[in-house]
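Please take the sequence together with the three-dimensional structure below, and keep both in view while reading the explanation.

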Amino acid sequence: MNVRKMVTVVEEIRAEGGRPVSPPATVAVVAAVIENPWAGQGFVEDLAPGIEANASDIGALLAPAVLEALGAPAEAYGKAAVVGLNGEIEHGSALIHTLKFGDHFRKAANAGTLLPAVEKRGPAGVVFDIPLKHITDATIRSHHQSVEVRVADAPHPDEIIIGLAAAAQGRPQQRLAALSTEQ
């Protein structure tokens with residue numbers, strides 16, 4: 001795995017809806033810009049060797065970094081893969097939709113749910129939103145949220161941005177009733 005750069009963003013929301021948020025609602029994102037392991041190979045039928053060579057390493061790199069950036073236990077989490085214009089969306093999906101990648105974050109966060117994800121292809125500087133859900137119960141509405149991310153100079157055409165996001169709480173000022181109220 002060739003990492004060109006790492007980007008860390010920590011967002012603290014201190015007011016929402018004209019009211020203070022105390023303590024501030026914190027969301028952290030850590031993204032690695034990596035060389036696409038399938039770059040220049042044309043259509044690759046079997047992605048397994050590239051997954052085996054890269055997915056676990058990138059998960060092991062990002063999971064502790066995003067939790068350290070968050071500075072608190074994670075209550076919500078999500079993941080992203082943004083593929084440069086010479087790659088396929090499937091290349092990003094191959095790296096993040098495997099237990100080899102996701103289990104690093106689940107174990108580090110003491111989580112049990114599937115990680116919500118975004119995958120897309122785009123040019124350098126493309127904006128993407130990482131969806132987040134509760135780490136142990138994806139039906140907890142208060143934790144359904146997203147965080148907007150942009151890496152100014154990535155992905156290059158033969159790169160992939162792989163990102164993890166974590167939130168220390170649900171949405172600020174959330175007021176939706178529990179899902180069970182609609183059943």
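What follows goes through helix packing, the nonpolar cores and some backbone details.

The coordinates come from a predicted model, and the packing of two helices is a convenient place to begin. Two packed helices are in general described by the angle between their axes and by the distance between those axes. Helix 1, residues 48-70, packs against helix 3, residues 99-109, at an angle of about 25°, and their axes lie 7 Å apart. Since angles under 35 degrees count as roughly parallel, helix 1 and helix 3 are therefore roughly parallel to each other. Their crossing is right-handed. On the side of helix 1 the contact is made by residues including Ile51, Ala55, Ile58, Leu62, Val66 and Leu67, while helix 3 contributes Lys100, Phe101, His104, Phe105, Ala108 and Ala109. By character, the residues of this contact divide into 12 nonpolar, three polar and two charged.

Several of these names return in the nonpolar interior. The largest nonpolar core has 33 residues, and those with the most contacts inside it are Leu62, Val66, Phe101, Phe105 and Ile162. Two or more residues each are given to this core by strand 2, helix 1, strand 3 (76-83), helix 2 (89-96), helix 3 and strand 7, with helix 1 giving the most, namely eight residues. Valine 66 offers a close view of this arrangement: leaving aside neighbours within four places in sequence, valine 66 is in contact with Ala28, Val29, Val30, Phe105, Leu164, Ala165 and Ala166. Apart from the largest core lies another core, of 19 residues, among them Ala31, Ile161, Ala165 and Ala167.

The backbone deserves a separate look. Most residues other than glycine have a negative phi, and most peptide bonds are trans. Against that background, the peptide bond from serine 22 to proline 23 is cis, with omega near -5°, and proline 23 is found in strand 2, residues 19-35. A cis peptide bond also joins alanine 154 and proline 155, where omega is about 0°; proline 155 is found in the loop between strand 6 (145-150) and strand 7 (159-167).

Positive phi values occur at asparagine 110, where phi is near 55°, and at glutamine 173, where it is about 60° although this residue is not a glycine. Asparagine 110 is found in the loop between helix 3 and strand 4 (117-121) and, with a relative accessible area of 64%, is exposed. Glutamine 173 lies in the segment after strand 7, and is partly exposed, its relative accessible area being 27%.

How values were computed:
Residues are numbered from 1 along each chain as its sequence is written. This is a predicted model: local features need pLDDT of at least 70, side-chain atom pairs count only at pLDDT 80 or more; totals for chains, interfaces and linings use all residues. Side-chain values use heavy atoms; hydrogens and water are left out. Axes are lines fitted to C-alpha atoms, for helices over the stretch in contact, and angles run from 0 to 180 degrees between N-to-C directions. Helices (H or I, at least four residues) and strands (E, at least two) are DSSP runs, numbered from the N terminus. Angles under 35 degrees count as roughly parallel, over 145 as roughly antiparallel, 65 to 115 as roughly perpendicular and the rest as oblique. A crossing is left-handed if the near helix is turned anticlockwise from the far one by less than a right angle, and right-handed if clockwise. Contact means heavy atoms within 4.5 Å. Ala, Val, Leu, Ile, Met, Phe, Trp, Tyr, Cys and Pro count as nonpolar, Asp, Glu, Lys and Arg as charged, and the others, Gly among them, as polar. Buried means under 20% relative accessible area, exposed over 50%, partly exposed in between (1.4 Å probe, protein chains only). A nonpolar core is a set of buried Ala, Val, Leu, Ile, Met, Phe, Trp, Tyr and Cys residues joined through side-chain atoms within 4.5 Å.
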